[in-house]
Amino acid sequence: MTVLSALAGAACGVLSGFGIGGGSLLMIWMTAVLGTEQAEAQAINLLFFLPTAAASLIFHVKGKQVRWRAAVPAILAGLVTAAAGAWVASVLEARLLRKVFGAFLLVVGVLELRKKPKGRRREAYRPRR
């Protein structure tokens, strides 16, 4: 199972590097496959996120892909609400927490499936100058 967990971590790392939430997949792996309790999986996910975010952020900043005017307010709001969310997660029963997380994933999945494709194709990656 260690090799499979390493492969799952690698796949989630790639998704995190893309900025599309590899941690959500990691949560599913840990809770559904490994049987990890929800609160413990969340803590592991946060530890996973720190180095993967730092590693990928270096390349996004170097490629001038960060709009700081949009990022700073989002970061500040995220800091405050992350603390509130962590507190809520610590007081909720594990079974309810798992259901809330599952519902969140379903809502996000449905919203993604309902998105209409845009009329134009996206250009290949080119760093801003």
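How far apart should the ends of helix 3 be at 1.5 Å a residue, given its 25 residues? The expected span is 36 Å, and the end C-alpha atoms of helix 3 are 35 Å apart, so the two values agree. Welcome to this structure, which is a predicted model. The protein is built from five helices and has zero strands, so here is a tour that starts with the whole chain and then visits a few helices and residues.

**The whole protein**

- Read from the N terminus, the elements follow the order α-α-α-α-α.
- The C-alpha trace covers about 50 × 35 × 30 Å along its principal axes.
- The protein has 129 residues, and 18% of them count as buried.
- About 10400 Å² of the protein is exposed, and 69% of that area comes from carbon and sulfur atoms.
- Among contacts with a separation of 6 or more, 58% join residues that are 24 or more positions apart.
- On the charge side, there are 17 positive and 5 negative side chains, and the centres of these two sets are 18 Å apart.

**How confident the prediction is**

- The mean pLDDT of the protein is 84, with 91% of the residues at 70 or more.
- Confidence is highest in helix 4, residues 68-91, where the mean is 90.
- At the other end of the scale is helix 1, where confidence is lowest, at a mean of 85.

**Helix 2 and the loop after it**

- Helix 2 takes in residues 22-33, which makes twelve residues.
- From its first C-alpha to its last, helix 2 reaches 16 Å, close to the 16 Å expected at 1.5 Å a residue.
- Its buried residues are G22, G23, L26, M27, W29, M30 and T31.
- Those buried residues of helix 2 pack against three partners: helix 1 (2-18), helix 3 (38-62) and helix 5 (94-114).
- After helix 2 comes G35, with a positive phi near 75°.
- T36 sits in the loop between helix 2 and helix 3.
- Is T36 buried or exposed? T36 counts as buried because its relative accessibility is 13%, and the cut-off for buried is under 20%.
- Beyond its neighbours within four places in sequence, T36 contacts M30, T31, A41 and R98.
- Two of these partners, M30 and T31, are themselves among the buried residues of helix 2, while A41 is one of the buried residues of helix 3.

**Helix 3 and its buried residues**

- Helix 3 buries Q38, A41, N45, F48, T52 and S56.
- The buried residues of helix 3 pack against helix 1, helix 2 and helix 5.
- F48 is a good residue to look up here, and its place is in helix 3.
- With a relative accessibility of 18%, F48 counts as buried.
- Which residues does F48 touch, leaving out those up to four places away in sequence? They are G9, C12, G13, S16 and L26.
- One of those partners, L26, is also a buried residue of helix 2.
- F48 and L113 are separated by 65 residues in sequence and by 27 Å in space, C-alpha to C-alpha.

**K64, just after helix 3**

- K64 lies in the loop between helix 3 and helix 4.
- Just after helix 3, this residue has a positive phi of about 55°.
- Why is a positive phi worth pointing out in a residue other than glycine? Most residues other than glycine have a negative phi.
- K64 counts as partly exposed because its relative accessible area is 45%.
- The C-alpha atoms of K64 and A6 are 31 Å apart, and the two residues are 58 positions apart in sequence.

**L96 in helix 5**

- L96 belongs to helix 5.
- Is L96 buried, partly exposed or exposed? The relative accessibility of L96 is 42%, so L96 counts as partly exposed.
- L96 and Q38 are 58 residues apart in sequence, and their C-alpha atoms are 9.7 Å apart in space.
- Q38 is one of the buried residues of helix 3.

Terms used
Residues numbered from 1 in each chain as written. Predicted model: local features only at pLDDT ≥ 70, side-chain atom pairs only at ≥ 80, totals over all residues. Heavy atoms only, no water. Helix = DSSP H or I, 4+ residues; strand = E, 2+ residues; numbered from the N terminus. Buried < 20%, exposed > 50% of the residue type's maximum accessible area, 1.4 Å probe, protein only. Contact = heavy atoms within 4.5 Å. Areas by Shrake-Rupley, 256 points an atom, 1.4 Å probe, with all protein chains shown as cover. Lys, Arg positive; Asp, Glu negative; His and termini not counted. Charge placed at Lys NZ, Arg CZ, Asp CG, Glu CD. Expected span 1.5 Å × (residues − 1). pLDDT = per-residue confidence, 0-100.
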